[in-house]
Each structure stands twice: as C-alpha cells, then as structure tokens.
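Thanks for sharing this one. Here are a few friendly notes to read with the structure open beside you.

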Amino acid sequence: MEFGLDKPLVDIQNLTFRRGDRVIYDDMSMQFQRGKVTAIMGPSGIGKTTLLRLIGGQLKPDSGKILFEGADIPKLSRQDLYQARKKMSMLFQSGALFTEMSVFDNVAFPIREHTRLPEAIIRTMVLMKLEAVGLRGARDLMPGELSGGMARRAALARAIALDPQLIMYDEPFAGQDPISMGVIVRLIRSLNDALGLTSIVVSHDVAEVMSIADYVYVVAERRVIGHGTPEQLRRHESPLVQQFLQGQADGPVPFHFKAADYATELMELSR
Amino acid sequence: MLKQIQQLGANTLGTLQGLGRATLMLFGALWGRPRPLKNWHLYMKQIYVVGVLSLLIILVSGLFIGMVLALQGYTVLAKFGAEQMLGPLVALSLLRELGPVVTALLFAGRAGSALTAEIGLMKATEQLSSMEMMAVDPLRRVIAPRFWAGVISMPLLALIFNAVGILGGHLVGVDWLGVDAGGYWSAMQANVDFQQDVVNGVIKSIVFAFIVTVIALHKGFDAVPTSEGISQATTQTVVTASLAVLGFDFVLTAVMFGG
C-alpha cells in the first residue's frame, strides 16, 4: 500500500461516540504521527480506553472517521479489519496474558497463529523479544508467578512479537512501583525509537507522560481541551489543562460530584 | 399489575435477545472453513478437560443409579412375581431416560459451570479482547473447540453412564437379590430395541449436549466481567441448562415414545 510517510499513521476525524444516551466523544479529532510517541491524557472515566478500542475496531463510532494508514477502520470488512489488526497491537492494563500458557508460549502465540515458521525460528524470535523487555530468564514462568510489572513487560514482548507499526498502551503506568514504572517508561521510549514504532499512550500519570511523549492530547468533557508538545502544554492558557497538569483538587473540574445543595440535603435527613 | 406485565415483557425481550446473541456467537464460531488440523491440539485438550475429567462423576453416578433402580424395581416386580423383568426395567429406564438426562444434569454442573467460569474470567481479564487485538478470533480459537468438545463428549459419557448403570443393576439384582443372571440379560436382549431405545437415547443426549454446551458458552461469553457477574453467570448456566434439559426431555420423550 503506497501511503505518504509524512501523513499521520492514525487520523481521527470528527469522531462522535455514544454509549447509550451518554456522549463519550463529541466531534473530536486527533492525529498520531509516525515514529512518535503520542499521549492521550485526561481524568479517569472519560473513556480513554474506549478510544483505543475504537482505533482497534472493537467498537464502532456513531459518526466520524478513524483512518489507519488511510483506511477507515469502522468501514472495513471483517477480513480487512483482521488484516489491519496484525499491524497494530495493544498493551492492556492488566497485561491480559493467557493464564494457561507460559511466558514463552504467550509471546509465541501471535507468531504461531499468524505464521508457519519452524519452531526454531519462533524460539529465536521469542527470545529476542523477551530480551528486549529484560525477561529472557523468565520464559518458563507462568503468568501467575510474575509480579505486576513483569507481567506487563511480558505482555509488551507479546505485543511486539509480530513487529507491529502501531502499539497502543492502556494506562501502562497504573499501579506500578517506582522502579517498574521507570522500566516501562524507558521501554516505551526505546522500543518506539529502536523498532520505528508509532506509539499511543493513554494515561493520567502526568509526570511520566510528559517525560516521554513527543505530543500530548489532553481530553476532558468529551473533547480535546488542549494539545501540543509537553513544552507547549506547560505554557497552555486553559485553566482546565493547568488544573489537570498540576493536579489541583478543585478548579474548573469541581471536587464535588454534581449533587443537590448540601445544607438542604442535611436538613432532609434530620427531618 | 401493570408493572408485572411490564416486567414480563422485559424478561421475554431479554430472553429473546439472549437467544439472538447466543445464535450469533455460535454462528461466528462455526461459520467458515474449520481448521481442525491446525488446531487439533486445542480440540484434544478441550475433549480431555470437558469429557475425560467428567468421567469419574459419570461412572460413580451411573453405578449408583443402576443399583438403586434395581433395588427399587425389584421390590415392585417381586410383588407380581416378575423378577426376571428386572433387566429390561433397568436397561430401558437408563437408555431412554435416565442416561441422557442425568448425564446432562451432571455435565451442566461439572463441565458447564467450569466452561462458563473459564470464559467469563478470560473476558474479565481482557484475554478475549487482547486475542481479538492480535487478530485472532476468540470465537474460533476459544468457543469453537469447547463447543465441539461438549457435543462430542456428552453423548459418549451418556453411553458410558448407561453401561455402568446396567452393570450396577446386575450387581444388586443378580449378585445380591438373586435374580437369575441369564434371565437378566436375555430378558434385556428381548425387550430392548436398538432403533427405538438405544438410538433415541443417543439422539436425546446429542440434543442435550448441544443445549448445555451452548448455554454454558453463551453465559460465559456474555457474562458481566466482574467477580459478581461471573458467579451469577455460572449459577445461571447450571439452572438454565438443567431446566432446558428437563423441558426438552419432555418434548423429545413425547415425540419419540408418546405415540
């Protein structure tokens, strides 16, 4: 497929997505450039994971386009969608390793499913991927025997097993201790640069994201409220963006969930 | 009153939607060219998990049900001096009715619940989603082998159940209560018809196998991916599958033996 390398790998245009009556995204647009780490930040509960599922074609938008290499993902036939998915991969928050297989077999799984390579070559490929995430020695362990950070790295090795063009990270830093957080931050950057990947990181860990991302979208209230390089964002004028970046409890995003008047409600109870 | 009617309507619609989703799931799993050669180890593994591991409970239950049948039947038959009819009594009860039905009920409890819990947990831990993102269809990779394993295993388990039950009846009737061994077997031979009794029983258990397996797989695949959702789905599998088996048993019996 001839496709301009200067064009974004993933191009989201005027995306609207509803879940039931609730609007998750309203006319939102985003571009993800090739070879870059692009981050999507925002408060939890705004459907950041949903966005990754939309790009992966697991959900269909109500309107708008999601272009991957120029092909509109929601309009692809089932077969084309599966072909497109071979070029992308996703690192789930839980790792989502197959619990009944060893680490080695987990990483070998996509290779065995999609190629007819001899076992010796598969072994070499798996060991290379595991080496890249530093888990070559853990290949015979079962997922249950891994720590949370190791499980996520093993899942990362599986995600890059077929050398995808796009890799999507769903909250890669959530629930990690500082050391494994540092390891994952480094891995995302180094894998992106070494393998020529395009990375999308969804997260609400401001410091980590700002340190590795080339470009950041801040999403809140169903749309993009600010975007730019980390430098540009730090100088962004929107109070909402600033509240999020600096982690202030109260501000444009109120501390209190929408509720009736406090005093009135207390009076009702005592009555 | 209006509320109850609304509830009834909602329940009916829910059931119909569930049926629709189950059909879609089955269609997605079985449609297209099957690749048993590439995935034969998956099929083998599931037949082992679903079928072989259910053997023990089937053997023990079959034996005891056969023994109880002989004991109960003997006391009644002895009143009429018809002890030599014990063989056909045990064999026909098992082949026509108890074999398929009890096997299906045990299978729903033993293998069906396990299938639901396994698939529900795979869904909750995003294993199914990640498989999909790796361009591997979970319906083909996960659902199809389990479906075939259930449909192949259960009729075989029912036949084993019948055989063990008949031996159990022999143990009690002949070895303990003193019915003539030759009479036990020859009366059975004379009164059991292959087409009418054996084949119909097997057809029943194939139908039950289909029902139980599809319900178990669907409940797991459709489970709310939380611990509470999975526990509910597992319970529902056993309850729904058992009731469906009993309901269909009545219909099938009426069609096969009613006329």
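How many bridges join strand E1 of chain A to E2(A), and do the two run parallel or antiparallel?

1. This is a predicted model, so please read every point below in that light. To settle the opening question: strand E1 of chain A, residues 10-19, is joined to E2(A) by seven bridges, and the two run antiparallel. For a pair to look at on screen, take A:Ile12, whose bridge partner in E2(A) is A:Met30.

2. Stepping back, the open sheet in chain A has four strands in the order E2-E1-E4-E5, with antiparallel pairing. At its edges are strand E2 (22-32) and strand E5 (71-72) of chain A, each of which pairs on one side only.

3. Helix H1 of chain A, residues 48-55, packs on this sheet and touches E1, E2 and strand E4 (63-68) of chain A. The direction of this helix makes about 120° with that of E1(A).

4. Now for the pocket. The largest one has a volume of about 1700 Å³. Its lining counts 45 residues, and the closest to the centre are A:Arg78, A:Tyr82, B:Val136, B:Asp137 and B:Pro138.

5. Both chains supply elements that give two or more residues to this lining, among them helix H2 (78-85) and helix H3 (103-114) of chain A and helix H4 (86-124) and helix H6 (138-176) of chain B. The largest share, six residues, comes from H2(A).

6. What is the make-up of the lining of the largest pocket by class? There are 18 charged, 15 nonpolar and 12 polar residues.

Definitions and conventions. Residues numbered from 1 in each chain as written. Chains lettered and ligands numbered in written order. Predicted model: local features only at pLDDT ≥ 70, side-chain atom pairs only at ≥ 80, totals over all residues. Heavy atoms only, no water. Pairing = 2+ DSSP bridges. Contact = heavy atoms within 4.5 Å. Axes fitted to C-alpha atoms, helices over the stretch in contact; angles between N-to-C directions. 1 Å grid on protein atoms, 1.4 Å probe; cavity = no way out; pocket = protein on both sides within 12 Å on 5 of 7 lines; lining within 4 Å. Points joined across faces, edges and corners; volume = space filled by probe spheres on them. Nonpolar A, V, L, I, M, F, W, Y, C, P; charged D, E, K, R; others polar.
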